[in-house]
Amino acid sequence: MELTISKVLSANDSGETGGHQAGLLIPKKECILSFFPALNESELNPRAHLHFEDDAGQYWEFAFIYYNNRLFGGTRNEYRLTRMTRYIRELGLVTGDEVLMNRDSGGNYSISYRRSSAQPVSMNEAEGTVIRLGAGWKVVNI
């Protein structure tokens, strides 16, 4: 099954605040988490390294991490997609730009983006239109 999710970047996501963060915060919604591989929650901070291909054919490695040290006496209990800083900076993405991530039926990941000034358009015209629902994360039915 093909699945697409998207995230409208905040100033914190794009690095415009100057603050440090450990990647994009992933909501604990099953419809979003199901995009990513399952992680072993009994391990401390389990992670999976994912390879995304962009529209130019370049591969990017991101890490999907469950920071679960709250289960081990700490305070964090959140999912993040890390190692995206280079992708965001090299493409000059800013607050309001949208990152679209796709996983095809073969388990291959791809990534694209849409500038905030762009009108909603089809990510894959042969399969359907991406509908912009608002800020934040969303599942895109194609």
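Student: In this predicted model, which side chain meets that of Arg115 in a salt bridge?

Tutor: Side chains of opposite charge can pair when their charged atoms come close. For Arg115 the distance from N to O is 3.2 Å, and a salt bridge requires the nitrogen to be within 4 Å of the carboxyl oxygen. The side chain that meets Arg115 in this way is that of Asp97.

Student: Is Asp97 buried or exposed?

Tutor: A residue counts as buried when its relative accessible area is under 20%. Asp97 has a relative accessibility of 2%, whereas its partner Arg115, at 30%, is partly exposed. Asp97 is therefore buried.

Student: Which residue's side chain forms a salt bridge with that of Arg83, and in which strand does that residue lie?

Tutor: The N to O distance in this salt bridge is 2.7 Å, and the pair links distant parts of the chain, 22 residues apart. Arg83 itself sits in the loop between β5 and α3. The partner of Arg83 is Glu61, and the strand that holds Glu61 is β4.

Student: How many of the residues of strand β4 are buried?

Tutor: Strand β4 covers residues 59-67 and is mostly covered, although Glu61, with a relative accessibility of 30%, counts as partly exposed. Of the nine residues in β4, the number buried is seven.

Student: How many bridges join β4 to strand β5?

Tutor: The strands β4 and β5 run antiparallel, and in this pairing Tyr67 stands opposite Glu78. Glu78 is also linked with Arg76 and Arg80 in a network of salt bridges. The number of bridges that join β4 to β5 is five.

Note on methods
Residues numbered from 1 in each chain as written. Predicted model: local features only at pLDDT ≥ 70, side-chain atom pairs only at ≥ 80, totals over all residues. Heavy atoms only, no water. Buried < 20%, exposed > 50% of the residue type's maximum accessible area, 1.4 Å probe, protein only. Helix = DSSP H or I, 4+ residues; strand = E, 2+ residues; numbered from the N terminus. Pairing = 2+ DSSP bridges.
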